[in-house]
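Me: I should like to understand the terms used for this structure. Please explain the reasoning behind each one.

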Amino acid sequence: MKQTTILPGQLRRHILDQSKRANVGHIGSALSIVEIISVLYSRILRIPNPKDLTRDRFILSKGHAALTQYSAFYLMGWLSQETLNTYCGNGTLLGVHPDNALEGVDFSTGSLGHGLAYGAGSALAARLENSPRNVYVLISDAECNEGSLWETVMFAAHHQLSNLIAIVDENKQQALGRTKDILSLHPLADRWRAFGWDTVEADGHDTVELTRIITAFDKSSGPPHVLIAHTTFGKGVSFMEGRLEWHYLPMSDDQHRQALEDLGEGP
Amino acid sequence: MRKAFARTLLGLAAKDDRILLLTADLGFMVWEAFVEKYPKRFFNVGVAEQNMIALATGLAESGFFPFTYSIATFAALRPYEFIRNGPIHHHLPVRVVGVGQGHEYGNAGPTHHGLEDVGVMRVQPGITIIAPADAEQVCTAVNATYDMPGPIYYRLGKNDSIAVPGLNGRFTLARAEVLREGDALLWVTMGSVTVEVAKAADLLARNGIPSTVLVVASLNPGPEAELADFAKRFPLVITVEAHYTVGGLGSLVSEVVAENGIGCRVIRRGISSMLSGVSGDQNYYDSLFGLTAQSLVELANQEL
């Protein structure tokens, strides 16, 4: 299967340009998962085409970062520039949160605490069908506030769903502040470990490390896997990094120009 | 109806290996035969209804027909958002099976009383709702619908010994079944309380007041056209359900009557509120809310 390489810089460029064009926010959350999405679509996911029933499944459970996924679809050749340019327009398939009516989106998300369970069901289905497909779910750190998530964490460990891989985007930020101030998740990795998951931590912006860890997971036997990816909210744009307001704000023209300069790209 | 449902599903599972059964740790003396025959197709997910529905969504996306089972309140209300965002939004064949119509769980108290499950499902256009009246109708209805596209809510009664005289298991999707015929008034009913309505109609007929009884087991799609045709022929329609009078069958009939400009009166007999500070068995509650044959006869005599 031919693999397309998606560079993090390309994703960031599209995220910034589309957010600016549509005049919308959620930019900080989209930027923190860029390397994770880059690695998944370039190196990990086995998707001969988005309609292939034997494909690996990927669920962006933190659906508010859908723009990163749309940008990846564009770079994979699944989405035209014309369609990408409809992001957040009226009548578009590309809303703020992903809708499975869009080819490439396996499950619609937006309400936190759903995606991991969809993934566990999908992983269980693969096992029942003796299919080698794997299921990847990207969740946010604040999503670990949701009780439903821990229902699934218990289920997946109990049934040893080794073909289920969760990635936590640990960007330390949630809607009204820092996760440590709102509802502490500490010690997050130990909590997953205590629930029986194979738990690894990594720098969520290190594509080599992310690739190595996810590739090395034993997906044929043993417990489910979680990669706690330590990331920076707004990664790559100096004035957005770790700043809550970039969960909400659209960019001004000057800010857009500055953001592109931070990426090393002119407007 | 639970055991009839279990027997029906066991039969269907033999011919359709896409059927899976998930329970949130309920079903003692209900699912043993299924578990014994299909241990790899049965999952007790633990007391975790939200996870159960979302798991089923993931399973259904891969082509399975997962049946999820619990008491009606736990099956329909606890994971309601998951039902909405999962199988309804994705149009996937998840089956939500809720047990306990109205006060069938009597002494267990209000947490176990299925008062509004049909109502909350009816506001979602994308889910089929089936509420059978007795065990035989369960078998027919489940056989007729189990592999339909999209999600289904099955509202089951606890009692397997109820048999509605004259119903003979008849079920057609989007249709009502005629149980008695007479011109004094029209009863419209759903679920196991149908047996009381049939008794009331028979008592009235013996006293020279013949009435028509329509049984609605298919709430969505509902038998709107048929209900309108019948309602036009009667001055008085009484709906009877072991459910809040808001949101369920009474609301459906009222909507049909109003939208068609039909001139009949509609009286909704059902459950008006969730009681606290009192407890009792099903008969106790049914007497309080007038869901017995005798109180239905009194209601008809009073209103005619």
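**Terms and their grounds**

Reply: In this predicted model, helix α4 (residues 66-76) of chain A is mostly covered, with ten of its eleven residues buried.

Me: What makes a residue of α4(A), such as A:Tyr70, count as buried?

Reply: A residue is buried if 20 or more other C-beta atoms lie within 10 Å of its own. A:Tyr70 is among the buried residues of α4(A), as are A:Ala66, A:Phe73 and A:Leu75, so A:Tyr70 meets that cut-off.

Me: Which elements of chain A do the buried residues of α4(A) pack against?

Reply: They pack against α1 (8-22), α2 (27-32), α3 (34-44), β1 (57-60) and α5 (81-84) of chain A. Just after α4(A), A:Gly77 has a positive phi of about 90 degrees.

Me: How do you know that chain A touches chain B?

Reply: Two residues are in contact if their C-beta atoms lie within 7 Å. By that criterion, 19 residues of chain A are in contact with 20 residues of chain B. On the side of chain A that touches chain B, α6 (115-128) and α7 (147-158) of chain A each supply at least two residues, and α6(A) gives the most, with eight residues.

Me: Which residues does B:Leu55 touch?

Reply: Not counting residues up to four places away in sequence, B:Leu55 touches A:Ala117, A:Ala120, A:Gly121, A:Leu124, A:Phe155, B:Leu22 and B:Val45. In the largest nonpolar core, of 169 residues, B:Leu55 is one of those that touch the most other members, together with A:Ala120, B:Leu22, B:Trp187 and B:Val215. The largest share of this core, eight residues, comes from α6(A).

Methods:
Residues are numbered from 1 along each chain as its sequence is written. Chains are lettered from A and ligands numbered from 1 in the order in which they are written. This is a predicted model: local features need pLDDT of at least 70, side-chain atom pairs count only at pLDDT 80 or more; totals for chains, interfaces and linings use all residues. Helices (H or I, at least four residues) and strands (E, at least two) are DSSP runs, numbered from the N terminus. A nonpolar core is a set of buried Ala, Val, Leu, Ile, Met, Phe, Trp, Tyr and Cys residues joined through C-beta atoms within 7 Å. A residue is buried if 20 or more other C-beta atoms lie within 10 Å of its own, exposed if 12 or fewer, and partly exposed in between; C-beta atoms are placed from the backbone.
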